[in-house]
Amino acid sequence: MLIYGVNPVLEALRSGRVSEIRVADRGDKRLVMVLEAAAGKGVKVRRVSSSDLDRAARGGVHQGIVADVRDAAHVTVEALLTRASGAPLIVVLDGIEDPHNVGAILRTVDAAGADGVVRQSRHAAPLGGAAAKASAGAVTHVRIAEVVNIARALENLKDAGVWTVGLAGEAPKPYDTIDYTLPTAIVVGAEDRGLRRLVRERCDWLVAIPMRGRVQSLNVSVATGIILFEALRQRAGEPGPATSARA
């Protein structure tokens, strides 16, 4: 895949997945840092014109650099669970196709130290370009398991002992009354329609983030961050809610 921008390319270099870099001649000290990192990794660098980068990035803000990145190795849902250092904490994306939202969620998942993301392989935002830029490079670090059917993946998670918590604006249960110290999958849907019916039905709990102002919804990446960091708060041993019982 092709990614662009200084931070995404630098993080991709750190992940060891860059096969080639194309760069325009610009007096940017940050580009020099990226090129030094590329030299240290033995990655080929080609000098091209800014117009070549404009075409490659398809109008994206490339900051004078693009990179060809090898696809990540296939990851299964089971692998996300077995590689978790403690109680698994996973984010499941149900029908989120906006690459900026996907990228922002990946950035938050990385920041929270969660164990990975599950998403549907069809009708999904591409992970290069805009998603990589919005993720600030986290797209090359976060483990992502792609599945054919999200509802079935939730059943598999539940069978493995993972609690599934769906975010739904109309749910009566506040998000911070759930015990996130247990193995947890946080399930979020697209902003325009939320969770699909079959996905909602397979969640152990549906929770909402209370809204106090006039605007009655949050960007899905912001909402995901709120719940992830509530999980971190509880896992740090701070006072939290009582243990939930599966419905």
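## Helix 1

In helix 1, the buried residues are Val-6, Pro-8, Val-9, Leu-10, Glu-11, Ala-12 and Leu-13. The model is a predicted one. Helix 1 spans residues 6–15, and 7 of its 10 residues are buried, so the helix is largely enclosed by the rest of the structure.

The cover over these buried residues includes two helices, helix 2 (29–41) and helix 6 (130–134). Strand 1 (2–4), strand 2 (18–23) and strand 4 (65–69) are also among the elements that cover the buried residues of helix 1. After helix 1 comes Gly-16, which has a positive phi near 80 degrees.

## Ala-151 in helix 7

Ala-151 lies in helix 7, which runs over residues 150–159. Its relative accessibility is 7%; Ala-151 is therefore buried, as the cut-off for that class is under 20%.

Leaving aside residues up to four places away in sequence, Ala-151 touches Leu-198, Val-199 and Arg-202. Asp-54 is 97 residues from Ala-151 along the chain, and the C-alpha atoms of the two are separated by 39 Å.

## Negative surface patch

Glu-97, Asp-98, Glu-191 and Asp-192 form a negative patch on the surface. One of these residues, Asp-98, sits in the loop that links strand 5 (89–94) to helix 5 (99–112).

Is Asp-98 buried or partly exposed? With a relative accessible area of 35%, Asp-98 is partly exposed, because this class lies between the limits of under 20% for buried and over 50% for exposed.

How values were computed:
Residues numbered from 1 in each chain as written. Predicted model: local features only at pLDDT ≥ 70, side-chain atom pairs only at ≥ 80, totals over all residues. Heavy atoms only, no water. Patch = residues over 30% accessible without salt bridge, like charges linked within 9 Å, V, L, I, M, F, W, Y side chains within 5 Å. Areas by Shrake-Rupley, 256 points an atom, 1.4 Å probe, with all protein chains shown as cover. Salt bridge = Lys/Arg side-chain N within 4 Å of Asp/Glu carboxyl O. Lys, Arg positive; Asp, Glu negative; His and termini not counted. Charge placed at Lys NZ, Arg CZ, Asp CG, Glu CD. Helix = DSSP H or I, 4+ residues; strand = E, 2+ residues; numbered from the N terminus. Buried < 20%, exposed > 50% of the residue type's maximum accessible area, 1.4 Å probe, protein only. Contact = heavy atoms within 4.5 Å.
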